[in-house]
Amino acid sequence: MRVLILGGDGYLGWPTAMHLSAQGHEVAVADNYLRRNLMREEDVESLSPCLNLNERIRLWKEHTGKEIVICIGDLNHWDFIARIFKEFQPEAIIHYAEQPSAPYSMLRREAATLTINNNLGVTANVIFAVREFCPDAHIVKLGTMGEYGTPNIDIEEGWIDIEHKGRKEKFLYPRQAGSLYHTTKIMDTDLLWYYVRMWDLRVTDLMQGPVYGIFTGESEVDASLLTLFSYDELFGTVLNRFIVQAVAGYPLTVYGKGGQTRGYLNIKDTLNCVRLSLENPARNGELRIFNQFTETFSVNELAGKVQSAGKQLGIDVEIKNIENPRKELEEHYYNPQHTGLLDLGLSPNLLTDTALGQMMEFVLRHRANIAQHKIFRGTKWA
Ligand SMILES: NC(=O)c1ccc[n+]([C@@H]2O[C@H](COP(=O)([O-])OP(=O)(O)OC[C@H]3O[C@@H](n4cnc5c(N)ncnc54)[C@H](O)[C@@H]3O)[C@@H](O)[C@H]2O)c1
């Protein structure tokens, strides 16, 4: 299949490109280095060095003989995205290309408007490009479990049947995001749903939980092919950050009471979920939604797991409940359904002691790169 990966330089995009290329798909990646540029502007960096896309693609070819097509440019610009679609004629598009950080979106007005313009602009361009150049292509879009928020009822897999005054209808499950970034993801879903109804597009929207980890099957080919690994408060996901904090001797930053519960997954399972979605595409005129996570944990549970993993390696890990910079429920009901991807054959990589130990050993090997002052800055959300 010809697969176009938008955001192919990113934390998830690059491992996905290698994975699908290894599976024999024809892969093209597009990126404008927004993530790297924002990280530079905010004075944070990846724990391990990360080659640019051209260098990684060259290395991938050296090791595997496989080509990945590269397109550098801003997908918010119609001429750029139109040219890629026209030339590559994708059969499937994986849309990762967004400003992905909730805390970044809450920094200041400029960061908020960048997030809105970038995320909605790229999604709209993808929709128009599919309509114009490849109307049968399958769009696999990365949404987030954060679209649902933390309602006091079970979270369904995208849709809910509602009975009202004796009549029934199926609606998108109610969404109530906790950050501006998550709100742009809700708006993306609404845009996609609108054009699925208007133009019979085929779309899979993956409501993904926070991802952890760095290793994927293909990264074993060469350590220089590893994806980026953020550990700062803006761009790092919570478990990755906790592991770096543990190794750095920095007390784990549990926000408030630490009862915030979310659905997590290993980066290997992001690749598996995306691949399964590609292999089993949505139908024309279908917005298919999967809740993409494998296990739920509270922040306290994650901190406890990192503390015990540290003990195994002789590291004394302190946990500190600090004032919550975010405005969110610190104790709440959380029961999201997630059977769709399991039904397609997902076999989860769970957060075992071994998985945690491997991540901790990776961080230990790069501990000299940890800049303590970049770990936490307390960006207030309200
Ligand atoms: N990482 C997670 O835990 C997680 C969880 C849920 C959802 N998601 C979603 O998955 C997707 C990928 O996340 P990630 O962690 O890999 O983020 P990332 O920032 O590492 O990857 C996104 C990539 O898209 C590129 N990009 C953004 N805007 C662009 C534009 N206008 N033109 C060209 N390229 C552009 C960025 O430069 C970056 O390389 C995002 O949409 C994110 O919201 C991520």
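This is a short walk through the structure above, from the whole chain to its ligand and then to a few single residues. Please keep in mind that the model is predicted.

Let us begin with the chain as a whole. The chain holds 12 helices and 14 strands, and along its principal axes the C-alpha trace spans about 65 × 55 × 40 Å. How does the radius of gyration of the chain agree with that of a compact globule? For 382 residues, such a globule would have a value near 21 Å, and the chain has 20 Å, so the two agree. Of the 382 residues, 59% count as buried. The contacts tell us about the fold as well: among those with a separation of 6 or more, 81% are accounted for by residues 24 or more positions apart. On the outside, the chain exposes about 16100 Å², and 47% of that area is supplied by carbon and sulfur atoms.

Now turn to the ligand. A shell of 28 residues surrounds the ligand, and the closest are Tyr11, Asp31, Arg35, Asn118 and Tyr181. The backbone takes part here too. A polar backbone atom of Tyr11 is 2.8 Å from an oxygen atom of the ligand. For Leu12, a backbone N or O atom lies 2.9 Å from a ligand oxygen, and a polar backbone atom of Val211 is also 2.9 Å from an oxygen atom of the ligand. How much of the ligand does the protein cover? On its own the ligand has 810 Å² of accessible area, and the protein covers 97% of it. Four elements give two or more residues to the shell around the ligand, namely α2 (34-41), α6 (109-133), β5 (138-144) and α7 (180-199). Sorted by class, the shell has 13 nonpolar, nine polar and six charged residues.

One of those shell elements, α2, is a good place to look next. Within α2, the residues Leu34, Arg35, Arg36, Leu38 and Met39 are buried. What do these buried residues pack against? Their partners are β2 (26-31), α3 (53-64), α5 (102-105) and α6. Just after α2, Asp43 takes a positive phi of about 60 degrees.

Arg36 of α2 leads us to Asp9, a residue in the loop between β1 (2-6) and α1 (13-22). Is Asp9 buried or exposed? Its relative accessible area is 3%, and buried means under 20%, so Asp9 counts as buried. The side chain of Asp9 makes a polar contact with the side chain of Arg56 at 2.6 Å. Leaving out residues up to four places away in sequence, Asp9 touches Trp14, Asp31, Tyr33, Arg36, Leu53 and Arg56. Asp31 in that list is also one of the residues closest to the ligand.

Helix α5, which we met as a packing partner of α2, contains Ser105. With 2% relative accessibility, Ser105 is buried. Where does its side chain reach? The side chain of Ser105 comes to 3.0 Å from the backbone nitrogen of Tyr181. Beyond the residues up to four places away in sequence, Ser105 touches Gln99, Ala111, Ala112, Thr115, Ser179, Leu180 and Tyr181. Tyr181, too, is among the residues closest to the ligand.

Further along the chain, Asn266 sits in strand β11 (residues 261-266). Asn266 counts as buried because its relative accessibility is 7%, under the 20% limit. Although Asn266 and Tyr212 are 54 residues apart along the chain, their C-alpha atoms are separated by 5.1 Å. Apart from its neighbours within four places in sequence, Asn266 is in contact with Val211, Tyr212 and Asn349. The side chain of Asn266 also reaches the backbone nitrogen of Lys268 at 2.9 Å. Val211 takes us back to the ligand, since a polar backbone atom of Val211 is 2.9 Å from a ligand oxygen.

Finally, a word on backbone angles. Most residues other than glycine have a negative phi. Gln89 is not a glycine, yet it has a positive phi of about 50 degrees. Gln89 lies in the loop between α4 (78-88) and β4 (92-95), and at 33% relative accessibility it counts as partly exposed. Asp200 likewise has a positive phi, near 60 degrees. Asp200 is found in the loop between α7 and β8 (202-208), and with a relative accessible area of 45% it is partly exposed.

How values were computed
Residues numbered from 1 in each chain as written. Predicted model: local features only at pLDDT ≥ 70, side-chain atom pairs only at ≥ 80, totals over all residues. Heavy atoms only, no water. Near = heavy atom within 4 Å. Polar contact = N/O pair within 3.5 Å; in protein donor to acceptor, adjacent residues only side chain to side chain. Areas by Shrake-Rupley, 256 points an atom, 1.4 Å probe, with all protein chains shown as cover. Nonpolar A, V, L, I, M, F, W, Y, C, P; charged D, E, K, R; others polar. Rg over C-alpha atoms; globule rule 2.2 N^0.38 Å. Buried < 20%, exposed > 50% of the residue type's maximum accessible area, 1.4 Å probe, protein only. Contact = heavy atoms within 4.5 Å.
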